[in-house]
Amino acid sequence: MWSSFFLMLIVLCQTRSWCQANSMLAAQADRVMTPGEWEERWRDDRIGFHQPQVHKMLESNIDKVLAGRTGVRFFFPLCGKAVDMKWLADMGHSVVGVEFAEKAIRRFFEDSNMTYSEQPVPAIPGAKVYKSSEGNISLYQCDLYNFSSSIEGQFGAIWDRGSLVAINPGDREKYASLIISLMAKDCRYLLDTLLYNPELYKGPPFFVPDDQVHSLFGNSCDIELLQSVDALTERQRGWGLDSFTENVHLITPKGS
């Protein structure tokens, strides 16, 4: 009798937790940012999401990502002009990024004082690739979902600092499928997500709960939460938030 009662309580709690999580996801489910809106942000320099220093979460977890490997090929989805790319290239790794806003790519090379070439990408109509003179950084200007492993193969590492939290919430299944298809067998995918009350702020960046990370990647990958930190600053307070947590997960293919 008591065991049945406690089992019912557990099921009730799990159901309530599931309902709460889904209710929070529903608050942003229909939110859509068009490519034009992102381009406008770059054009108007409304890029508060850009960080002028190497991201602390990447820096503190780089050994777990590299796992003793050298010359690792990194993929940066929605790379912007992240200084992390040059930092990794200077360490001897190579970087491939995808970004829709041309201004972001050009500014990356200019801010880094790097010379580069510009070429069309025959496999993606209208796309361009910008390559550093050293050949260790290639940034594709195109729709992320037009990119595939047929363009640059698979990668040994992925750094997703502001991509999953930036794409439209309705596209997350499609996004996860793309990322998984780009992961080599030894890939180590570092994913940065954000927790806050989505009923108080419409995003972006968007709320991505841990449960959804597991539902998106858990069938084919192992997931480890590496860090969870209080990341609340005046910027988030200005959005109307009183709590803001940053989580970093290490995602690896099962059996790797």
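**Exercise 1. Over which residues does pLDDT stay under 50, and how many contacts beyond four places in sequence does the model have for them?**

Solution. The structure is a predicted model, in which local features need pLDDT of at least 70 and side-chain atom pairs count only at pLDDT 80 or more, while totals for chains, interfaces and linings use all residues. Residues are numbered from 1 along each chain as its sequence is written, and side-chain values use heavy atoms, with hydrogens and water left out.

Start with pLDDT, the predictor's confidence in each residue from 0 to 100: the chain averages 91, and 91% of the residues score at least 70. Next, find the stretch under 50, which is residues 5-18, and count its contacts (heavy atoms within 4.5 Å) beyond four places in sequence, of which there are zero. Where pLDDT is low, the predicted coordinates should not be read in detail.

**Exercise 2. Determine the strand order of the open sheet and identify its edges.**

Solution. Take helices (H or I, at least four residues) and strands (E, at least two) as DSSP runs numbered from the N terminus, and let two strands pair if DSSP finds at least two bridges between them. Nine strands then form an open sheet of mixed pairing, in the order 3-4-5-2-1-6-7-9-8. Strand 3 and strand 8 (221-230) each have a single partner strand, so one side of each is left without a neighbour in the sheet. Within the sheet, strand 1 runs parallel to strand 6 (residues 155-160) and is joined to it by two bridges, and Phe 75 has Ile 158 of strand 6 as its bridge partner.

**Exercise 3. Describe the surroundings of Phe 75 and the core to which Phe 75 belongs.**

Solution. First list its contacts, leaving out residues up to four places away in sequence: Phe 75 touches, among others, Val 96, Phe 147, Ile 158 and Ile 179. Then consider the largest nonpolar core, a core being a set of buried (under 20% relative accessible area, 1.4 Å probe, protein chains only) Ala, Val, Leu, Ile, Met, Phe, Trp, Tyr and Cys residues joined through side-chain atoms within 4.5 Å. This core has 42 residues, and Phe 75 is one of those with the most contacts inside it, together with residues including Tyr 140 and Ile 251. Strand 7 gives the most to this core, with five residues.

**Exercise 4. Is Lys 81 buried or exposed, and where is Lys 81 placed?**

Solution. Lys 81 lies in the loop between strand 1 (73-77) and helix 4 (84-90), and with a relative accessible area of 9% Lys 81 is buried.

Technical notes:
Buried < 20%, exposed > 50% of the residue type's maximum accessible area, 1.4 Å probe, protein only. Contact = heavy atoms within 4.5 Å.
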